[in-house]
Amino acid sequence: MTAWLGQGQVRHTRLRPARHAFAYDTWFVMLSMRDLKSDPHMGLAINRRGMVSWHDADHGDGRGPEQGGALAWLTETLAQEGIDDADGEIWLHCYPRVLGYVFKPVSFWYVHRRDGTLRVVVAEVNNTFGERHCYLLDQPQEGRALTAQKVFHVSPFCDVSGSYQFRLLRTWAAPGQPSRTVVRIDLHDDQGPLLQTSISGHLKPATRSNLRRAVLRHPLLTLAVMARIHWHALQLWRKRVRFFTKPTPPADFVTR
């Protein structure tokens, strides 16, 4: 399989100055990017309309398949960063388009060496202002914290300061067949932990029947993500959490 369906939960907890927490059921896809193509056994439409679809233009610098797509962008980015041994499998963990709509708070590119070891992870972050920024996490080890300085505005209730701690964990049912994935992202500022976020899910083949059941269970998947972001922003405003004006985006598209 070149596409997997993940079903699990997204959790978010704000610790200060007012505690605010939520958890929702969710689903996402995990895609084998070097082998990804339309497959009659797969329910995911590639660069075309469909109930559930994935498009190159939704990732990286937005280039379409005629310019090599998101994989070409990633390859060029790694070369510019001097990473020349990321020549193995590449898995992309992301939300797909559902009924033509998508919003992806964060996607993860897992890039391996030819021997199967994990070489680099790229966390691709989108905000509700239509902006995107990528954090390149070098020399990752699963389960070990990876730190990145926060440089990109995401929420108006957090300023652009502090650092992220990423923890990544995947289990495998058999060689080349992932069975579960967990990503945890914690934001720390000069007072300590501020936000704790995670997304996890058990993986199954992204067949037509599995995706159809996922859509029937959560038909407005990514539209609901956007709606919930604004709903919880309202709750934070009511709790009198400080509001920060959006700053100018960072000059560099990728932070290492």
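**Exercise 1. Work out the volume and lining of the second largest pocket.**

Start with the volume: the second largest pocket comes in at about 220 Å³, a volume being the space filled by probe spheres set on grid points that are joined across faces, edges and corners. A pocket here is an open set of points on a 1 Å grid over the protein atoms alone, where a 1.4 Å probe fits, with protein on both sides within 12 Å along at least five of seven lines; lining residues have an atom within 4 Å of a point.

Next, the lining: 17 residues line this second largest pocket, and R14, D159, D189, L194 and F244 sit closest to its centre. Strand 12 (residues 177-189) is the top contributor, with three residues. Strands (E, at least two residues) and helices (H or I, at least four) are DSSP runs, numbered from the N terminus.

Last, the classes: seven nonpolar, four polar and six charged residues. Nonpolar covers Ala, Val, Leu, Ile, Met, Phe, Trp, Tyr, Cys and Pro; charged covers Asp, Glu, Lys and Arg; the others, Gly among them, are polar.

A word on the input: this is a predicted model, where local features need pLDDT of at least 70 and side-chain atom pairs count only at pLDDT 80 or more, while totals for chains, interfaces and linings use all residues. Residues are numbered from 1 along each chain as its sequence is written, and side-chain values use heavy atoms, leaving out hydrogens and water.

**Exercise 2. Do the same for the largest pocket.**

The largest pocket holds about 1200 Å³ of space. Its lining has 50 residues, with H12, P105, V154, T197 and I229 nearest the centre. Helix 3 (residues 221-238) supplies the largest share of that lining, nine residues. By class, you get 31 nonpolar, 13 polar and six charged residues.

**Exercise 3. Trace the three-stranded open sheet.**

The strand order is 3-4-6, with mixed pairing; two strands pair if DSSP finds at least two bridges between them. Strand 3 (45-46) and strand 6 (97-98) are the edges, each pairing on one side only. Strands 3 and 4 (residues 52-54) run parallel, joined by two bridges. I46 has W54 in strand 4 as its bridge partner.

**Exercise 4. Which numbers describe the overall fold?**

Count elements: three helices and 14 strands. The radius of gyration is 18 Å, close to the 18 Å that the globule rule gives for 256 residues, so the protein is as compact as a globular protein of that length. That radius is taken over C-alpha atoms, and the rule is 2.2 Å times the number of residues to the power 0.38. Finally, 49% of the 256 residues are buried, meaning under 20% relative accessible area with a 1.4 Å probe, protein chains only.

Notes:
Buried means under 20% relative accessible area, exposed over 50%, partly exposed in between (1.4 Å probe, protein chains only).
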